Amino acid sequence: QVQLVESGGGLVQPGGSLRLSCAASGSRFRDAFGAYTMGWFRQAPDRQREWLGSLTSSGITNYADSVKGRFAISSDNAKNILYLQLNRLRAEDAAVYYCAVDFGLGYKTFGQGTQVTVSS
């Protein structure tokens with residue numbers, strides 16, 4: 001199975017930064033022998049879930065144009081933690097942020113999310 005637990009959300013002023021974490025665990029990761037991609041998504045009220053970026057098991061990152069240059073994905077493989085660094089935050093970045101994993105058939109498993117609020 002797979003467990004994904006996000007943390008690190010909160011209230012931040014416009015222009016500020018946050019680092020979100022996603023603790024990943026479960027036997028599915030071990031069985032995949034490293035063949036998976038981790039991703040970050042967000043969903044604001046009354047909007048569809050938006051893909052923000054991904055990190056492959058070989059270390060390749062990709063980002064949505066809307067966050068490229070402001071957000072950065074990294075990982076601590078020893079601790080099985082995925083990070084999302086949010087910089088130069090704007091009011092429109094406020095949303096619930098989710099991590100997810102793709103074992104080759106798309107993103108099927110998401111965490112419970114962590115709320116990011118951007119307000120002065």
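# A tour from the core outwards

Start in the middle: the largest nonpolar core has 27 residues, and those with the most contacts inside it are Leu4, Trp40, Leu84, Leu86 and Tyr97. Select those five now. A nonpolar core here is a set of buried Ala, Val, Leu, Ile, Met, Phe, Trp, Tyr and Cys residues joined through side-chain atoms within 4.5 Å. Buried means under 20% relative accessible area, exposed means over 50%, and partly exposed is in between (1.4 Å probe, protein chains only).

Next, colour the strands that feed this core: β3, β4 (37-43), β5, β7, β8, β9 (95-102) and β11 (114-118) each supply at least two of its residues. Strands (E, at least two residues) and helices (H or I, at least four) are DSSP runs, numbered from the N terminus.

A word on what you are looking at: this is a predicted model, in which local features need pLDDT of at least 70 and side-chain atom pairs count only at pLDDT 80 or more, while totals for chains, interfaces and linings use all residues. Residues are numbered from 1 along each chain as its sequence is written, and side-chain values use heavy atoms, with hydrogens and water left out.

**Stop 1: Leu86**

Click on Leu86. What is it in contact with, leaving aside its neighbours within four places in sequence? You should find Gly16, Ser17, Leu18, Leu20, Arg70, Phe71, Tyr97 and Val116. Contact means heavy atoms within 4.5 Å.

**Stop 2: a charged network**

Now select Arg42, Glu50, Arg70 and Asp93. A salt bridge is a side-chain nitrogen of Lys or Arg within 4 Å of a carboxyl oxygen of Asp or Glu, and by this rule the count comes to 4.

Zoom in on Arg42, which is buried, with a relative accessible area of 8%. The side chains of Arg42 and Glu50 meet in a salt bridge, 2.8 Å from N to O. Glu50 is partly exposed at 25% relative accessible area.

Arg42 also forms a salt bridge with Asp93, where the closest N and O atoms are 2.9 Å apart. This pair links distant parts of the chain: Arg42 sits in strand β4 and Asp93 in the loop between β8 and β9, 51 residues apart. Is Asp93 buried or exposed? Buried, with a relative accessible area of 0%. Salt bridges that share partners join Arg42, Glu50, Arg70 and Asp93 into one network.

For another salt bridge, pick Asp65 and Lys68, with their closest N and O atoms 3.3 Å apart. Both of these residues are exposed.

**Stop 3: Thr37 and Leu55**

Go to Thr37 in strand β4. Thr37 is buried, with a relative accessible area of 18%. Not counting residues up to four places away in sequence, Thr37 touches Ser54, Leu55, Thr56, Ala100, Val101, Asp102 and Tyr107.

Hop across to Leu55, found in strand β5. Leu55 counts as buried too, at 9% relative accessibility. With residues up to four places away in sequence again left out, Leu55 touches Thr37, Met38, Ile60, Thr61, Ile73, Ser74, Ser75 and Leu82. Try drawing a line from the C-alpha atom of Leu55 to that of Gly16: the two are separated by 24 Å and lie 39 residues apart along the chain.

**Stop 4: the largest pocket**

Show the surface and select Tyr36, Met38, Ser75, Asn77 and Asn80. About 310 Å³ of space lies in the largest pocket, and of the 19 residues that line it, those five are the closest to its centre. On a 1 Å grid over the protein atoms alone, a pocket is an open set of points with protein on both sides within 12 Å along at least five of seven lines, and lining residues have an atom within 4 Å of a point. Grid points are joined across faces, edges and corners, and the volume is the space filled by probe spheres set on the points.

Which elements make up the lining? β3 (18-25), α1 (27-31), β5 (50-56), β7 (71-76) and β8 (81-86) each supply at least two residues. The largest share, 3 residues, comes from β3.

**Stop 5: out on the loops**

Stay with Asn80, in the loop between β7 and β8. Asn80 has a positive phi of about 55° although it is not a glycine, and at 44% relative accessibility it counts as partly exposed.

Finish at Pro45, in the loop between β4 and β5. Pro45 is exposed, with a relative accessible area of 67%. The C-alpha atoms of Pro45 and Asp31 are separated by 36 Å, with their positions 14 residues apart along the chain.

Notes
On a 1 Å grid over the protein atoms alone, a cavity is a set of points where a 1.4 Å probe fits but cannot get out, and a pocket is an open set with protein on both sides within 12 Å along at least five of seven lines; lining residues have an atom within 4 Å of a point.
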